[in-house]
Amino acid sequence: MDESVRGTLEFAGVQLAAVVAGLHLYWAIPRIVTAARIDQPIYWDPRPLLFILSGIGILVGLVLVRKQLLSRIRAYSLGIGLMLTYLLGWAYWHLGGHMAVLPWVDDGHGHAHDGNPVVVLAEHLVASPIDGISKTAETLLLVVLAVLLYVEYSAETDETRDTTTTDSPNDRR
């Protein structure tokens, strides 16, 4: 892959990661503050704490990659896993009836969605602008990370292939 394209993808990945982290922190911090004010147990709705931890984790990951303390392949793999967790968790949360997916919470807090699951998820994307923006950013970041991971593995394979084909016959004993 052309280095300028790769650089553009890396830049886009950093920007998207910052957006995803920021959106999760923006959503979670007020909710965890409210939960603390009303003495709501954190386990009642663990999403704010999980979103704060994952948002901080994304930002720490960006710094670690920049300082070369975390390999790009590992960072891309972790990022892909986190984006899949965000996207699939969001779908499960909404299709499962929100709080009803938490076994330790009264079913009276959840509600069921009838109808086509795609329509239900689309309604949630449109009804909540932060959902639409975060799911778009997460999906774009997932694609960018997958492409970058492919490029990293392709580069490693090419380097290995170059090393084995450039050895002279006298070097192989």
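Contact, throughout this tour, means heavy atoms within 4.5 Å. The structure is a predicted model, in which local features need pLDDT of at least 70 and side-chain atom pairs count only at pLDDT 80 or more, while totals for chains, interfaces and linings use all residues. Residues are numbered from 1 along each chain as its sequence is written, and side-chain values use heavy atoms, with hydrogens and water left out.

**The whole chain**

Begin with the chain in cartoon form, where the secondary structure comes to five helices and zero strands, giving the pattern α-α-α-α-α along the sequence. Helices (H or I, at least four residues) and strands (E, at least two) are DSSP runs, numbered from the N terminus. Of the 173 residues, 34% count as buried, where buried means under 20% relative accessible area, exposed over 50% and partly exposed in between (1.4 Å probe, protein chains only). Among contacts in the chain with a separation of 6 or more, 72% are accounted for by residues 24 or more positions apart.

**Helix H2 and the loop after it**

Select residues 47-66, which form helix H2; its 20 residues reach 28 Å from the first C-alpha to the last, close to the 28 Å expected at 1.5 Å a residue, the expected span being 1.5 Å times one less than the number of residues. Colour Pro48, Ile52, Ser54, Gly55, Ile58 and Gly61, which are the buried residues of H2, and then show H1 and H3, which are included in what covers them. Step next to glutamine 68, in the loop between H2 and H3, where a positive phi of about 60 degrees occurs although the residue is not a glycine. Glutamine 68 is exposed, with a relative accessible area of 72%.

**Helix H3 and its crossing with H4**

Now select H3, residues 72-95. At 1.5 Å a residue its 24 residues should span 34 Å, and the end C-alpha atoms are indeed 34 Å apart. The buried residues of H3 include Ile73, Tyr76, Ile80, Met83, Trp90 and His94.

Add H4, residues 117-127, which packs against H3 at an angle of about 105 degrees, with the axes 10 Å apart. Axes are lines fitted to C-alpha atoms, for helices over the stretch in contact, and angles run from 0 to 180 degrees between N-to-C directions. The two helices H3 and H4 are therefore roughly perpendicular to each other, in a scheme where angles under 35 degrees count as roughly parallel, over 145 as roughly antiparallel, 65 to 115 as roughly perpendicular and the rest as oblique. To display the contact, pick Trp90, Ala91, His94 and Leu95 of H3 together with Pro117, Val120, Leu121, His124 and Leu125 of H4. By class, this contact of H3 with H4 has seven nonpolar, two polar and no charged residues; Ala, Val, Leu, Ile, Met, Phe, Trp, Tyr, Cys and Pro count as nonpolar, Asp, Glu, Lys and Arg as charged, and the others, Gly among them, as polar.

**The nonpolar cores**

A nonpolar core is a set of buried Ala, Val, Leu, Ile, Met, Phe, Trp, Tyr and Cys residues joined through side-chain atoms within 4.5 Å. Which members of the largest core touch the most other members? Of its 19 residues, they are Val20, Ile58, Met83 and Leu141. Helix H1 (3-37), H3 and helix H5 (129-166) each supply at least two residues of this core, and the largest share, seven residues, comes from H5. Centre on leucine 141, which, leaving aside neighbours within four places in sequence, is in contact with Gly13, Leu16, Ala17, Val20 and Met83. Apart from this core lies another, of six residues, among them Leu23, Trp27, Ala28 and Ile52.

**Two further stops**

Select leucine 149 in helix H5, which counts as buried at 15% relative accessibility. Beyond four places in sequence, leucine 149 is in contact with Ile73, Tyr76, Ser77 and Ile80, and its C-alpha atom is separated by 6.1 Å from that of isoleucine 73, 76 residues apart along the chain.

Finish at arginine 6 in helix H1, which is buried, with a relative accessible area of 16%. Not counting residues up to four places away in sequence, arginine 6 touches Met1, Arg72, Leu148, Val151 and Glu152. The C-alpha atoms of arginine 6 and glutamate 152, 146 residues apart along the chain, are separated by 10.0 Å.
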